[in-house]
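Grab your viewer and a distance tool. Here is a short set of exercises, each with a worked solution.

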Amino acid sequence: MRKWLQQRFDRRSLLYGGAAFSGGSVLGALALNSRVASQGAPHAGHGATGIAAPDTAGLADHGAHGSMITVGDVDNARNGFDPSVLLTDWDTGNVSKLPDGRTLRTFEVAGVDKEIEIAPGVMFPAWTYNGRVPGPTLRVAQGDRVRIVFRNQGSHPHSMHFHGIHSARMDGVVGAGVIGPGAEYVYEFDALPFGCHLYHCHALPLKRHMHKGMYGAFIIDPDPARHPEHAAVARSRLLGTPENRDWQEFVMVMNGFDTNFDGENEIYAVNTVAHHFFKHPIRIVRSKPVRLYLINVVEFDPINSLHLHANFFDYYDHGTTLTPTLRTIDTVMQCQAQRGILEFTFKDHEPGQYMFHAHQAEFTELGWMGMFDVVEATA
Ligand SMILES: [Cu+2]
């Protein structure tokens, strides 16, 4: 218990600038801050009803009652990726046809060592796929042939282990695709089953390789022709169909970072950067439904969760069914590598800022929280 308390103190004290990072990180970059006092923070909502926004000015005098978030912003250009862009950055590969008429999707992925900024002034020595964390969102259709050319340009052995159905040779574990620096391996398999999946490095020690940033989303859209009983639902999931364009789809990879390598995370986030989606809310058109591909890759903590404010959603565990596995819930928990699809709509809500976050309050305060900015359709 004493150790537990001490660890909690150490992690929490990070917010107050009292804990030392390894690697020369800037201590003053994280500070207790009230939401209203932070530059660029969203305003409280006031919608079409004409109800005025609440007067939040007084919160500045009560910092503990406002939101604790990081101050400033990270340098997305230096990182080479923007968490907001990653929400919808589908990589569908180079498309060609096999002799039997099936679609072949070829992806090229490189393992790269890269220092990234995970909170303002807090640098993390990541191992990445294609220089970004999470790695590219690979999106294919059920039954496609998938070929991934993986080149290890990093300083340690790495692999790509896919959650999916494939042969032992394609599993990305030691002896079947874990390769040393400078080497190359080609993983190839049929895309099955449809769903919301992931890939990650499976070199040892596994939890270290994963938490360093080697993971990404692997989405297999259902083939409507194979699901006549739910063809409309399948079409709505299949990228490029008119039905799919009616949806607002986002990939959220819940991740965490152990910045001082003590086996505890100091930073939590969706798509890597702490509090990013609080400072940069996700624009939602009120009339269109929302679909989240949610994946938990946090190491060192047994579970993670997503709680949606002021609304409820249907949930498809692993995304492998076309009818919900949980209906009308506002919180879902996921263990490591668990994932699923959330579907909801704000069509009956007034426009405004709607929060979402892990319901573990500690994760929230250490970075895992954001906002949806629900607006009227502009067109
Ligand atoms: Cu690795």
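The exercises below go from ground rules to the metal site, the interior and the confidence scores.

**Ground rules.** This is a predicted model, with pLDDT of at least 70 needed for local features and 80 or more for side-chain atom pairs, while totals for chains, interfaces and linings use all residues. Residues are numbered from 1 along each chain as its sequence is written, and side-chain values use heavy atoms, leaving out hydrogens and water.

**Exercise 1. Find the protein donors of the copper ion and place them along the chain.**

Step 1: Look for donors, meaning N, O and S atoms within 2.8 Å of the metal (3.2 Å for Na, K and Ca); water is not among the atoms, so sites may look incomplete. You should get H158 (ND1), C201 (SG) and H209 (ND1), at 2.0 to 2.1 Å from the copper ion.

Step 2: Write down the spacing, which is H-x42-C-x7-H. H158 and C201 are 43 residues apart and link distant parts of the chain: H158 sits in the loop between β6 (145-152) and β7 (161-162), and C201 in the loop between β9 (195-200) and α4 (206-211). Strands (E, at least two residues) and helices (H or I, at least four) are DSSP runs, numbered from the N terminus.

Step 3: Check burial, using a 1.4 Å probe on protein chains only: buried is under 20% relative accessible area, exposed is over 50%, and partly exposed is in between. H158 and C201 both come out buried. C201 earns the label because its relative accessibility is 0%.

**Exercise 2. Work out whether N255 is buried or exposed, and what its side chain pairs with.**

Step 1: Locate N255 in strand β11 (residues 248-257).

Step 2: N255 has a relative accessible area of 1%, so it's buried.

Step 3: Look for polar contacts (N or O pairs within 3.5 Å; within protein, one atom must be able to donate a hydrogen and the other to accept it, and residues adjacent in sequence count only if both atoms are side-chain atoms). The side chains of N255 and Y215 make one at 3.0 Å.

**Exercise 3. Decide how far to trust the coordinates of residues 12-65.**

Step 1: Start with pLDDT, the predictor's confidence in each residue from 0 to 100. The protein chain averages 86, and 82% of the residues score at least 70.

Step 2: Over residues 12-65, pLDDT stays under 50, though the model has 87 contacts (heavy atoms within 4.5 Å) there beyond four places in sequence.

Step 3: Where pLDDT is low, don't read the predicted coordinates in detail.
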